[in-house]
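Here are some exercises for reading a protein structure step by step. Try each task on your own before you look at the solution.

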Amino acid sequence: MGTTPRRPRASSTEPPFEAPPSSSIDEQFESPPSDQSTAESTTDETAFAAAYEVDDELHQMKQELEQRIFSRPARNAAGARALDVGPPESIDLITGVGIGPAHRDFESVGPAGPGAPVLNVYVTEKMTVDECKAAIVDSFGIRSLAADDRMINVIHTGPIDAYAHRHRERPSPCGISVGHFKITAGTQGALARGRSGERVNRLLMLSNNHVLANSNAGSVGDNILQPGPADGGVNPGDRVAVLEKWVPINFAATGANFVDCATGWCWPNLVRKEFIFRSGGSWAYFRVGSTPIAAAINMPVGKSGRTTQLTNGRVIDINASIRVNYGTAGTANFRDQITIRGNNMTFSQGGDSGSLIWTWDSRRLPVGLLFAGGGEFTFANKIARVLDALDINLFT
Amino acid sequence: MATKTPFPESGPVAYNPQETITRERSEAEAALRHIPGVRGVGEGQDAIGNPAWIVYVTHDAVAHNLPRKVAGRTVVPEVSGEIDILPA
């Protein structure tokens, strides 16, 4: 994508509450300045084939099987499990296909010898090569793969499940894995825009200081990756934003913090304001309100986060003063925090830092910014403080 | 001629709001926060809905050593263990 900054719009007024659809976001905002283009990760199959001397026939077989696997009727994962009272149907046994060197199973070494590429077939149940070939014929009708001289490498993976909100997705939704290029991973909390000056024209990503600014160690312009580095995000290829503003954490023994927050300046076409969640076997999206509401005792709240995904709980404390461990960075005192306890579930775990917390009702009004946890408790900054500190409004 | 910075209005920003702390709250924090194993003090409700001090402690044993009442409110211990930030 091009990274030349766009000229700001002539008008800097706030948009109406009902913001335009995502497709027009990039027309409203200026892109971050950059001295290099944002490299989009690509898979160069041609280069792979050349490097590993994959013959055309093998490549064709892989494509044929891939097409059959991908074109199977969609199934609801939960439903499939609920009906899982007998052996799986053969069509469910084959979950993937690839090409790689035969190295684990000498049965799969073909005429080209060890190390030469063969077809990798990923299966849910342990089986022999012959059983795998039979399953391919039964499920997909591909008889060419069943020939005795056609070597395949059977790889037993079990069922392959999506790994929470840790995958790469463009545009990147809220509730998904992000992080400064030197951290592990946290959560893209929400989108926002500056309240004044040039920042009115910036589309910003809201999360924690310790997610976007590496606990005070980051610098303006540092790359923010989606997914975060712990989830395979590559710098700079997976960059969706650059570090823009943050409130430093005060680690002094007598210090008092109120917020752990930061903003990244996003490329408008690489992010989206909707929140991700898992519905049945696939991803779905929802929006939240933009007007903050103060937390209250027993208020039902929810969040969408990188690790525990969509969860809900209740506010049990609206004015907590707590001492929080930041690992090697030190320990910091926080005042005026919100505490949440999950409703018969863990409300948050490591990786959920930066999630926006909102009222668990149809309005989904912003309440807090998740940043810490202990035992069954989750701690969050009050969202009004976060917005004031960073001088932003949510863009939902 | 001055060169325009590529990231105007960016960088670290201080946030030090004025906070009003009630006398009762000060009294509760003074009485509770320095007890070994206490990691935090907050404001919630007890089992029957009355305003209470929520005290976050590292272990059950710490909970047993807390006073039952401070500044006119019940003390409700909650075992949080250590409180950590939540990156992956």
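**Exercise 1. Strands side by side**

How many bridges join strand β14 of chain A to strand β17 of chain A, and do the two run parallel or antiparallel?

*Solution.* Keep in mind as you work that this is a predicted model.

Step 1. Find the two strands: β14(A) covers residues 300–305 and β17(A) covers residues 356–359.

Step 2. Count the bridges: there are 3, and the strands run antiparallel. At one place along the pair, A:Gly302 stands opposite A:Trp358.

Step 3. Look for another partner of β17(A). Strand β18 of chain A, residues 366–374, pairs with β17(A) over 3 bridges, in the antiparallel sense. Here A:Leu356 stands opposite A:Leu369.

Step 4. Follow the chain from β17(A) to β18(A). The two strands form a hairpin with 6 residues between them. In the turn, A:Arg364 has a positive phi of about 50°.

**Exercise 2. A strand with two partners in chain B**

Take strand β3 of chain B, say whether its residues are mostly covered, and describe its pairing with β2(B) and β5(B).

*Solution.* Step 1. Check how covered the strand is: of the 7 residues in β3(B), residues 51–57, 6 are buried.

Step 2. Turn to β2(B), residues 38–45. This strand pairs with β3(B) in the antiparallel sense over 7 bridges, and B:Glu43 stands opposite B:Trp53. The hairpin of β2(B) and β3(B) has 5 residues between the strands, and B:Gly49 takes a positive phi near 90°.

Step 3. Now take β5(B), residues 73–79. This strand is joined to β3(B) by 6 bridges, and the two run parallel. B:Val57 has B:Val79 as its bridge partner.

Step 4. Put both pairings together: β3(B) is antiparallel to β2(B) but parallel to β5(B). Both senses are possible, because strands of a sheet pair through backbone hydrogen bonds, either parallel or antiparallel.

**Exercise 3. The edges of an open sheet**

Which strands stand at the edges of the sheet β4-β12-β13 in chain A, and why is one side of each left without a neighbour?

*Solution.* Step 1. Write down the order: this open sheet has 3 strands, β4-β12-β13, with mixed pairing.

Step 2. Read off the ends. The edges are β4 (172–174) and β13 (282–286); each has a single partner strand, so one side of each has no neighbour in the sheet.

Step 3. Consider the angles: neighbouring strands of this sheet are turned by 60° against each other on average, with direction ignored.

Step 4. Zoom in on one pair. β12(A), residues 271–279, and β13(A) are antiparallel, with 5 bridges. One of the bridges has A:Phe277 partnered with A:Ala284.

**Exercise 4. A helix and its neighbours**

Does the span of helix α5 of chain A agree or disagree with 1.5 Å a residue, and what do its buried residues pack against?

*Solution.* Step 1. Work out the expected span. Helix α5(A) has 12 residues (129–140), and the expected span is 1.5 Å times one less than the number of residues, so it should be 16 Å.

Step 2. Compare: the end C-alpha atoms are 16 Å apart, which agrees.

Step 3. List some buried residues of α5(A): among them are A:Val129, A:Cys132, A:Ile136 and A:Phe140. The buried residues pack against α3, β1, β2 and β3 of chain A.

Step 4. See where the helix ends: A:Gly141 follows α5(A) and has a positive phi, near 70°.

**Exercise 5. One buried residue**

Is A:Ile322 buried or exposed, and which residues of chain B is it in contact with?

*Solution.* Step 1. Place the residue: A:Ile322 lies in strand β15 of chain A, residues 309–325.

Step 2. Apply the cut-off. Buried means under 20% relative accessible area; A:Ile322 has 0%, so it is buried.

Step 3. Look across to chain B: A:Ile322 is in contact with B:Arg33, B:Arg39, B:Gly40, B:Tyr56 and B:Ile83. In chain A its contacts include A:Phe334, A:Phe371 and A:Phe379.

Step 4. Compare sequence with space: A:Arg335 is 13 residues from A:Ile322 in sequence, and their C-alpha atoms are 6.5 Å apart.

Technical notes
Residues numbered from 1 in each chain as written. Chains lettered and ligands numbered in written order. Predicted model: local features only at pLDDT ≥ 70, side-chain atom pairs only at ≥ 80, totals over all residues. Heavy atoms only, no water. Helix = DSSP H or I, 4+ residues; strand = E, 2+ residues; numbered from the N terminus. Buried < 20%, exposed > 50% of the residue type's maximum accessible area, 1.4 Å probe, protein only. Contact = heavy atoms within 4.5 Å. Pairing = 2+ DSSP bridges. Axes fitted to C-alpha atoms, helices over the stretch in contact; angles between N-to-C directions. Lists of a residue's contacts leave out its neighbours within four places in sequence.
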